[in-house]
Amino acid sequence: MELYAKDTESRQGEAMVLDGKVENNKKLFIESYGCQMNFSDSEIVAGILENNGFNTTSNMEEADLVLINTCAIRLKAEETVRKRLAEFNALKKKKPAMKIGVLGCMAERLKTQLLEEEKVVDIVAGPDAYRDLPKLLEEADDGRKAINVILSKEETYADLNPVRLGGNGITAFVSITRGCDNMCTFCVVPFTRGRERSRDPESIVNECKSLWLNGYKEVTLLGQNVDSYLWYGGGLKKDFKNATPEQRKNAVDFAQLMSRVAEAVPGMRIRFSTSNPQDMHEEVLYTMAKYDNICKSIHLPVQSGSTSVLERMNRKHTREEYLALIDKIKEIMPDCAISHDMIAGFCGETEEEHRETLSLMEYVKYDFGFMFAYSERPGTPAHKKMPDDIPEAVKKRRLTEIIELQQKHSLERHQSYVGKVYEVLIEGNSKRDENEWYGRISQNAVMVFPKVEGTKPGDFVMVRANSCTSATLLGEMLD
Ligand code: SAM
């Protein structure tokens, strides 16, 4: 079983649309896969193309341009995209003028294969090349194969106004960093998205203010490792060592950024994802505790409960250090929800190491988790140096044990919320019953409850949790 980020899980492959400009006469069909960053990037892409004559459509058949924003994190994600490309190609046979483009994390890895060998696509653009799309389109219109997968040291798309696609008009993603420097041995991100750089805090605050003015009630600040956010005037995080004394003095870290956002939009809920244990410092926790509008929920991937596996993964912290951080979170914010990412069956994982993962989960009792079987990715340090030696059946069994334990803990955590009253941000209709609202509490748990006259999406309401499942709280609104 593979899971994607809670918000994006149900949106995999979603075609994203919005009204657009009346003067535009071309149609863009854009579909996104993978993490929240990809969904956020598709909005940047739609924003760029909206200024170049394209409005979005949910009907692939009428599109002049079909873009697929791809994910390379696991083999399965890539396979899904390849199947979809085959479908696009079948349509292109009927509509030869239609152009197909591959964006995102598969662009760098599969560029030659996609453009030259399989001749499936016309345009390939990596995550830092989206400003170049209008030029790439011209090249494709001239019958040339158009490609830009260059990774940038500076690009953060800070000045661009993303077009909000396919969302609920209530919650939005705001990118604060791009790329990743962590070099976890299993992970392709540093190779597909480049080195870590932070976005100008002023542009982040302005984007949040503008969202608030447009009726949005919640932002999720996004990055591969948000706690490592550091603005010192632009440039790569790794080059901070060369910063001038002036740049150092004026540098803004993640805790300071969160304070600025929390104060700039006091009525808005603020979430963030993802945190890396090695970079999450006390200051961030105290900032979360200080502001009511910062949600009490931390996504803190651990990947394994065993120090020796963490070392092989190059995670730069031990089991004990991770558990000390968990203790700190619980001490500073006893009501804070904690979620995780976990990988089963990483290279050389013994039964004992696997049991350490289960015991770590028992200690933390996470609210929620994204759990994966290890998938070897070409070009990563693990692929180069460590055999992928855990048989698939063993990986699968260990993953099942992890998922079953998580389901038990999710239920226990939800049961601990029952009987209490929570502020819920209404996001829309419940999927099962249109007489019920669907929303989230600060701890990110989903609450479903009967609609009350006069309430609407975007309202903050007080709801008592009356019962629960491992996935949902069921409640009733208070007067
Ligand atoms: N930046 C975050 C971090 O490092 O904690 C998240 C990165 S990734 C987009 C999301 C999750 O995918 C990871 O936390 C990890 O659990 C999972 N993942 C990454 N590479 C994987 C691989 N090769 N096989 C299985 N799962 C993987």
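User: Where does Val424 lie?

Analyst: Val424 lies in strand E18, residues 421-429. A strand is a DSSP run of E with at least two residues, and a helix is a run of H or I with at least four; both are numbered from the N terminus. This is a predicted model: local features need pLDDT of at least 70, side-chain atom pairs count only at pLDDT 80 or more, and totals for chains, interfaces and linings use all residues. Residues are numbered from 1 along each chain as its sequence is written, and side-chain values use heavy atoms, with hydrogens and water left out.

User: Why does Val424 count as buried?

Analyst: Its relative accessibility is 0%. Buried means under 20% relative accessible area, exposed means over 50%, and partly exposed is in between (1.4 Å probe, protein chains only). Val424 is therefore buried. Its C-alpha is 9.6 Å from that of Val448, which is 24 residues away in sequence.

User: What makes Ile68 buried?

Analyst: The value is 0%, so Ile68 counts as buried. The residue sits in strand E4. From its C-alpha to that of Leu160, 92 residues apart along the chain, the separation is 20 Å.

User: How do you know that Met60 is buried?

Analyst: Its relative accessible area is 15%, and that makes it buried. Met60 is in the loop between strand E3 (54-56) and strand E4 (65-70). Phe29 is 31 residues from Met60 in sequence, and their C-alpha atoms are 5.8 Å apart.

User: Does Glu311 count as buried or exposed, and why?

Analyst: Glu311 has 63% relative accessibility, so it counts as exposed. It lies in helix H11. Glu311 and Glu87 are 224 residues apart in sequence, with 42 Å between their C-alpha atoms.

User: How many disulfides does the structure hold?

Analyst: Zero. Cys187 is in no disulfide: the nearest cysteine sulfur belongs to Cys184, 6.0 Å away. A disulfide is a pair of cysteine sulfur atoms within 2.5 Å, so that pair does not qualify. Cys187 has 14% relative accessibility and therefore counts as buried.

User: Why is the sulfur of Cys347 not in a bond?

Analyst: The closest cysteine sulfur, in Cys184, is 13 Å from that of Cys347, which is too far for a bond. Cys347 is also buried, with a relative accessible area of 3%.

User: Which residues come nearest to the ligand?

Analyst: Phe186, Gln224, Gln303, Asp341 and Ser375, out of the 15 residues around it. A residue is near a molecule if one of its heavy atoms lies within 4 Å of it.

User: What makes the approach of Asp341 to the ligand a polar contact?

Analyst: An N or O atom in the Asp341 side chain is 2.5 Å from a ligand oxygen. A polar contact is a pair of N or O atoms within 3.5 Å, so this pair qualifies. Arg74 has a polar side-chain atom 3.1 Å from an oxygen of the ligand. Ser375 uses a polar backbone atom, 2.8 Å from a nitrogen of the ligand.

User: How much of the ligand's accessible area does the protein cover?

Analyst: The protein covers 93% of the 570 Å² that the ligand has on its own. The area comes from the Shrake-Rupley method with a 1.4 Å probe.

User: Which elements give two or more residues to the shell around the ligand?

Analyst: Strand E16 (337-344) and strand E17 (368-373).

User: What joins Ser273 and Thr274?

Analyst: A cis peptide bond, with omega about 10°. Thr274 is in the loop between strand E14 (269-273) and helix H10 (282-290). Most peptide bonds are trans, and most residues other than glycine have a negative phi.

User: What is the phi of Lys316?

Analyst: Near 65°, a positive value in a residue other than glycine. Lys316 is in the loop between helix H11 (307-312) and helix H12 (319-332). With 49% relative accessibility, it counts as partly exposed.

User: And why does Lys365 count as partly exposed?

Analyst: Its relative accessibility is 32%, so it counts as partly exposed. Lys365 is not a glycine, yet its phi is positive, about 55°. It lies in the loop between helix H13 (351-364) and E17.

Definitions and conventions:
Polar contact = N/O pair within 3.5 Å; in protein donor to acceptor, adjacent residues only side chain to side chain.
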